[in-house]
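The following exercises concern the chain shown below. Each task is followed by a solution that proceeds step by step.

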Amino acid sequence: MKMIVVPEVELASGEKMPRLGMGTYKVVDEENFNNSLQLALDAGYRHFDTAFAYVNQHKIGEFFEKVFQSGQFKRSDIFFTTKVRANFMDSKDHVKNCVELCLKELRLDYIDLCLFHSPFVMEYVSDHQEIVGDPILFVHDKQALVRAWQALEDLVDEGKIRSIGLSNFNSEQITRINNEARKPISCLQVECHLYFQQKKMKAFCESHNIQLIGYAPLGSQGPLGATSLGIATSFSSNAPLQDENVKIMAERYKKTSAQIMLRYQIQRNVLIIPRSTNKQRIFQNVDVFDFELTPDDMAELERMDKIERIFRAGGLKKKNHPEYPYDLEF
Ligand SMILES: NC(=O)c1ccc[n+]([C@@H]2O[C@H](COP(=O)([O-])OP(=O)(O)OC[C@H]3O[C@@H](n4cnc5c(N)ncnc54)[C@H](OP(=O)(O)O)[C@@H]3O)[C@@H](O)[C@H]2O)c1
């Protein structure tokens, strides 16, 4: 199977980032994980998206330490994204502690892109505290997000992070940070797929030079997508991968439905991080740079938006977290 060269985009920070990367959410089985990371490198992936909350960074760190020692790749060949968990966002020191933990687990001396995983800022109790946690820990101070952002800016100054951004924030929260930011918000990572296209958020980000990264670009799916914490739910009817109209379009291009959906995001300038641990699908998902969807097909895919979010963080909505982001339209 061929190795794909993934094109890059320049972020507001001035750093370059691959347009497609490998998601690692909930991938923890060691043997499977090492295999899929190696397959991803063989297929051409140079961006790996992880998070403190995924509890797999130490495995990624071990794997890439060996890769770099072997000389197969240099550190600068690979782009690593990680995310600070919300329970570290109550003070600048805790944000810095979380980033230090990520660096240690990943065995890196800098991170390419560091995001706040979510705006659900809460008081720190312990590194791995339950995130849907106790409302008594919810931080009600509107300036908390701004202070936490300042810690990321300091870490860029210290050379520990190259680019910084947000995930699961709404436009009001982004604006609150942007109004006081010393360094640009380079990226926003949010749910984005055929049935939840984020058209308004995309336009908002474009007007602020923020690069949109779409998570769950295939619609997540399966038992891994729907979590017991109420973070994600299933689609109300079929999932995007089962969409009959996409299947028909895919046959015309001699591609799979997944490739059509990923190509759609690439052509509308949304970066994507599909996850797979299956050899064939790892190669298939990155193989989306040798064809182009016609303007008519782009328009047809655009019309398929159902504005149906599956990552709703229902547990935090129920407990009235003051920064619950999804009550706003975008
Ligand atoms: N910031 C956040 O809050 C947040 C939230 C969710 C996700 N993320 C990030 O975004 C990444 C992607 O999202 P996701 O993992 O939820 O979902 P996804 O990438 O949309 O979907 C992954 C699922 O699709 C299957 N799949 C992959 N390629 C396929 C193909 N070509 N055909 C059919 N099925 C295919 C995978 O199974 P197989 O492994 O069997 O192929 C897996 O079950 C995550 O891994 C994570 O890095 C971030």
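**Exercise 1. Determine which residues Glu 8 contacts beyond its neighbours within four places in sequence, and classify its exposure.**

Step 1. With neighbours within four places in sequence left aside, the contacts of Glu 8 are Lys 16, Met 17, Pro 18 and Arg 19; two residues are in contact if their C-beta atoms, placed from the backbone, lie within 7 Å.

Step 2. Glu 8 belongs to strand 1 (residues 8–10). Helices (H or I, at least four residues) and strands (E, at least two) are DSSP runs, numbered from the N terminus.

Step 3. A residue is buried if 20 or more other C-beta atoms lie within 10 Å of its own, exposed if 12 or fewer, and partly exposed in between, with C-beta atoms placed from the backbone. Glu 8 is partly exposed because it has 15 C-beta neighbours inside 10 Å.

Step 4. A further C-alpha to C-alpha distance, that between Glu 8 and Leu 20, is 8.4 Å, for a separation of 12 residues in sequence.

**Exercise 2. State how confident the model is, and where confidence is lowest and highest.**

Step 1. Residues are numbered from 1 along each chain as its sequence is written. The model is predicted: local features need pLDDT of at least 70, side-chain atom pairs count only at pLDDT 80 or more, and totals for chains, interfaces and linings use all residues.

Step 2. The chain has a mean pLDDT of 95, where pLDDT is the predictor's confidence in each residue, from 0 to 100. A value of 70 or more is reached by 97% of the residues.

Step 3. The lowest confidence falls in helix 7 (residues 222–225), with a mean of 54, and the highest in strand 7 (residues 161–167), at 99.

**Exercise 3. Describe the shell of residues around the ligand.**

Step 1. The ligand is surrounded by 31 residues, of which Gly 23, Tyr 25, Leu 218, Ala 258 and Arg 275 are the closest; a residue is counted if its C-beta atom, placed from the backbone, lies within 6 Å of the molecule.

Step 2. Helix 7 and helix 10 (279–286) are the elements that give two or more residues to this shell.

Step 3. The classes are nonpolar (Ala, Val, Leu, Ile, Met, Phe, Trp, Tyr, Cys and Pro), charged (Asp, Glu, Lys and Arg) and polar (the others, Gly among them). The shell has 17 polar, 11 nonpolar and 3 charged residues.

**Exercise 4. Establish which side of helix 6 (residues 199–207) is buried, and what covers it.**

Step 1. Met 201, Lys 202 and Cys 205 are buried in helix 6.

Step 2. These residues lie on the same side of helix 6 because they cover an arc of only 100° around the axis, the arc being that of the directions from the helix axis to the C-beta atoms.

Step 3. On the face turned away from the buried side of helix 6 are the exposed residues Ala 203, Glu 206 and Ser 207.

Step 4. The cover over the buried residues of helix 6 includes helix 5 (171–178), strand 8 (187–191) and strand 9 (211–215).

**Exercise 5. Compare the surroundings of Asn 168 and Asn 209, each with a positive phi.**

Step 1. Most residues other than glycine have a negative phi. Phi is near 65° at Asn 168 and near 55° at Asn 209.

Step 2. Asn 168 occupies the loop between strand 7 and helix 5, whereas Asn 209 occupies the loop between helix 6 and strand 9.

Step 3. Asn 168 is buried because 24 other C-beta atoms lie within 10 Å. Asn 209 is exposed, since it has 11 other C-beta atoms within 10 Å.

**Exercise 6. Identify the buried residues of helix 9 (residues 257–267) and the elements against which they pack.**

Step 1. Of the 11 residues of helix 9, 9 are buried.

Step 2. The buried residues are Ser 257, Ala 258, Ile 260, Met 261, Leu 262, Arg 263, Tyr 264, Gln 265 and Ile 266. Ala 258 is also one of the closest residues to the ligand.

Step 3. The buried residues of helix 9 pack against strand 9, helix 8, strand 10 (271–272), helix 10 and helix 11 (295–303).

Step 4. Just after helix 9, Asn 269 has a positive phi of about 65°.
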